Amino acid sequence: VPPEDGIAPGGLRSALVLIGAYDRRSGCPVLGVINEPFYRRDPETRRYRRAPGWGWAHTQRAVPAPKP
């Protein structure tokens, strides 16, 4: 379905869910989890595939999740 005035009337073009935690004393991020539930649609099953990711920080160094 083509967008109308920049709005997709059917299906989701993008949605992200981010959950994070931070150190209350310093305000620095400690860890985070992100998920893109509608990353890609399978043309055969018409189901959406997701694209999760996570990372954590330790001693001022950010560590991203390994690629699957």
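Colleague: A residue is buried under 20% relative accessible area, exposed over 50%, and partly exposed in between. This model is predicted. Which class does Tyr48 fall into?

Modeller: The relative accessible area of Tyr48 is 31%. Buried needs a value under 20%, and exposed needs one over 50%. Neither cut-off is met, so Tyr48 is partly exposed.

Colleague: What is the order of the elements from the N terminus on?

Modeller: The chain has 0 helices. It has 4 strands. From the N terminus on, the elements therefore run β-β-β-β.

Colleague: Which element has the highest mean pLDDT?

Modeller: The mean for the chain is 79, and 76% of the residues reach 70 or more. Among the elements, strand S4, residues 61-64, has the lowest mean, 68. Where pLDDT is low, the predicted coordinates should not be read in detail. The highest mean, 89, belongs to S1.

Colleague: How much of the chain counts as buried?

Modeller: Take S1 as one case: it has 6 residues, and the number buried is 0. That strand therefore lies largely in the open. Of the 68 residues of the chain, the share that counts as buried is 4%.

Colleague: How do S1 and S2 run, parallel or antiparallel?

Modeller: S1 and S2 form a hairpin, with 6 residues between them. The two strands are joined by 6 bridges. One of the contacts has Val17 facing its bridge partner in S2, Asn35. The strands run antiparallel.

Colleague: Which residue in the turn of that hairpin has a positive phi?

Modeller: The turn belongs to the hairpin of S1 and S2. A phi of about 80° is found there. The residue is Gly27.

Colleague: Which residue other than glycine has a positive phi, near 65°?

Modeller: Most residues other than glycine have a negative phi. The residue asked for lies in the loop between S2 and S3. Its relative accessible area is 55%, so it is exposed. It is Arg46.

Colleague: Which strand gives the most to the nonpolar patch?

Modeller: The patch covers about 650 Å² and is made by Val17, Ile19, Val30, Leu31, Val33, Trp54 and Trp56. Strands S1 (17-22), S2 (29-41) and S3 (48-58) each give two or more residues. With 3 residues, the strand that gives the most is S2.

Colleague: What is the exposure class of Leu31?

Modeller: Leu31 lies in strand S2. This residue is also part of the nonpolar patch, and patch residues need over 30% relative accessible area. Leu31 has 45%, so it counts as partly exposed.

Colleague: How are the rings of Phe38 and Tyr48 arranged?

Modeller: The structure holds 1 aromatic pair. The centres of the Phe38 and Tyr48 rings are 5.1 Å apart, and the planes stand at 90°. Planes over 60 degrees apart count as edge-to-face. The pair is therefore edge-to-face.

Colleague: How many residues apart in sequence are the parts that this pair ties together?

Modeller: Phe38 lies in strand S2, and Tyr48 lies in strand S3. Phe38 is partly exposed, at 28%. The pair links the two strands, so it ties together parts whose separation in sequence is 10 residues.

Colleague: What separates the C-alpha atoms of Phe38 and Arg50?

Modeller: Phe38 is found in strand S2. Along the chain, Phe38 and Arg50 are 12 residues apart. In space, their C-alpha atoms are separated by 5.6 Å.

Conventions. Residues are numbered from 1 along each chain as its sequence is written. This is a predicted model: local features need pLDDT of at least 70, side-chain atom pairs count only at pLDDT 80 or more; totals for chains, interfaces and linings use all residues. Side-chain values use heavy atoms; hydrogens and water are left out. Patches are made of residues with over 30% relative accessible area and no salt bridge: like charges are joined within 9 Å, nonpolar side chains (Val, Leu, Ile, Met, Phe, Trp, Tyr) within 5 Å. Accessible areas come from the Shrake-Rupley method with a 1.4 Å probe; for residues, only the protein chains shown count as cover. A salt bridge is a side-chain nitrogen of Lys or Arg within 4 Å of a carboxyl oxygen of Asp or Glu. Buried means under 20% relative accessible area, exposed over 50%, partly exposed in between (1.4 Å probe, protein chains only). Two strands pair if DSSP finds at least two bridges between them. pLDDT is the predictor's confidence in each residue, from 0 to 100. Rings of Phe, Tyr and Trp (its six-membered ring) pair if their centres lie within 6.5 Å; planes under 30 degrees apart count as stacked, over 60 as edge-to-face and the rest as tilted.
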